[in-house]
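Work through the exercises below with the sequence and the model side by side. Try each task before reading its solution.

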Amino acid sequence: MSLAEKVYLKLREVPRGKVTTYKWLAEVVGSKGYRLVGQILKRNPDAPRTPCHRVVSSSGKIGGFGGERSGKKIEEKIRMLEQEGVEVKKGVIDLEQYGFDFKE
DNA sequence: GTTGTGACGGGTC
DNA sequence: CGACCCGCCACAA
C-alpha cells in the first residue's frame, strides 16, 4: 500500500461540506511528504472518486489546482465547495468550521 | 541506475 | 512580514 493509496482512501472519507489539508492527509498516512499529497492529487488517477477540490493548504487557502494554470479554474472549485456547503472567501476556507480532521 | 522536480509545510534568516 | 532552504515520496526523463 503506497502512500498514494492511503491518501485516496482518506480523502474519500472526507464528507461532503468539509475539507482537509495536505498536511493532515500527509500526517494521517504517517508521512511528511506533504508534496506527495499535492502530486498525488495532481496526477489524480481516480479523478471522479478523488475530490481534490476538498483539499486545501494548511492555512485553508486553495492550493494550485487549475490543472494547467491556477487562476480561473480555482473559482470553479470554489463554486463546487460552496455547493457542498463550504464557505470560501477569496479562495480561503475556515478550517475551524469546515476542516475535517481525520484524528477526530 | 541516477537526477530532477512537484497542486506543500515549517523553520530560519 | 518576506525570502530562502530543507524534508519527504513518487514518477518521468
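Start at the end of a helix: helix 3 is followed by Asn44, whose phi is positive, near 35°. Helices (H or I, at least four residues) and strands (E, at least two) are DSSP runs, numbered from the N terminus.

This is a predicted model, in which local features need pLDDT of at least 70, side-chain atom pairs count only at pLDDT 80 or more, and totals for chains, interfaces and linings use all residues. Residues are numbered from 1 along each chain as its sequence is written, chains are lettered from A and ligands numbered from 1 in the order in which they are written, and side-chain values use heavy atoms, with hydrogens and water left out.

**Exercise 1. Sort the two sides of helix 3.**

Task: Find which residues of helix 3 are buried and which exposed residues sit on the face turned away from them.

Solution.
- Step 1. Val37, Ile40 and Leu41 are the buried residues of helix 3. Buried means under 20% relative accessible area, exposed over 50%, partly exposed in between (1.4 Å probe, protein chains only).
- Step 2. They cover an arc of only 95° around the axis, which puts them on the same side of helix 3. The arc is that of the directions from the helix axis to the C-beta atoms.
- Step 3. On the face turned away from the buried side are the exposed residues Arg35, Lys42 and Arg43.
- Step 4. Check Lys42: its relative accessible area is 71%, so Lys42 is exposed.
- Step 5. Now look for the partners. The buried residues of helix 3 pack against helix 1 (3-13), helix 2 (22-28) and strand 2 (55-56).

**Exercise 2. Trace the core.**

Task: In the largest nonpolar core, find which residues touch the most other members.

Solution.
- Step 1. Define the core. It is a set of buried Ala, Val, Leu, Ile, Met, Phe, Trp, Tyr and Cys residues joined through side-chain atoms within 4.5 Å.
- Step 2. The largest one has 28 residues, and Leu41, Ile62 and Ile93 touch the most other members.
- Step 3. At least two residues of this core come from each of helix 1, helix 2, helix 3, strand 2, helix 4 (72-84) and helix 5 (95-98).
- Step 4. Take Ile93. Leaving aside neighbours within four places in sequence, its contacts (heavy atoms within 4.5 Å) include Val19, Val56, Ile62, Leu81, Val88 and Tyr98.

**Exercise 3. Read the surface near DNA strand B.**

Task: Which element gives the largest share of the surface near DNA strand B, and which protein atoms make polar contacts with its bases?

Solution.
- Step 1. A residue is near a strand if one of its heavy atoms lies within 4 Å of it. DNA strand B has 13 residues around it, and Gln39, Leu41, Lys42, Ser58 and Phe65 come nearest.
- Step 2. Helix 3 gives the largest share, six residues.
- Step 3. A polar contact is a pair of N or O atoms within 3.5 Å; within protein, one must be able to donate a hydrogen and the other to accept it, and residues adjacent in sequence count only if both atoms are side-chain atoms.
- Step 4. Base nitrogens of DNA strand B meet a polar backbone atom of Gly38 at 3.4 Å and a backbone N or O atom of Leu41 at 2.4 Å.
- Step 5. The backbone of the DNA is reached too: a phosphate oxygen of DNA strand B is 2.5 Å from an N or O atom in the side chain of Lys23.
- Step 6. Of the strand's atoms within 4 Å of the protein, 42% belong to sugar or phosphate and the rest to bases.

**Exercise 4. Repeat for DNA strand C.**

Task: Find which side chain has an N or O atom 3.3 Å from a base nitrogen of DNA strand C.

Solution.
- Step 1. List the residues around DNA strand C; among them are Ser2, Ser31, Tyr34, Arg35, Gln39 and Arg43.
- Step 2. The side chain is that of Gln39.
- Step 3. Helix 3 (residues 34-43) again leads, with five residues, the largest share of this surface.
- Step 4. Of the atoms of DNA strand C within 4 Å of the protein, 55% belong to sugar or phosphate and the rest to bases.

**Exercise 5. Place Arg54.**

Task: Is Arg54 buried or exposed, and what does its side chain contact?

Solution.
- Step 1. Arg54 lies in the loop between helix 3 and strand 2.
- Step 2. Its relative accessibility is 11%, so Arg54 counts as buried.
- Step 3. Its side chain makes a polar contact with the side chain of Glu84 (2.9 Å).
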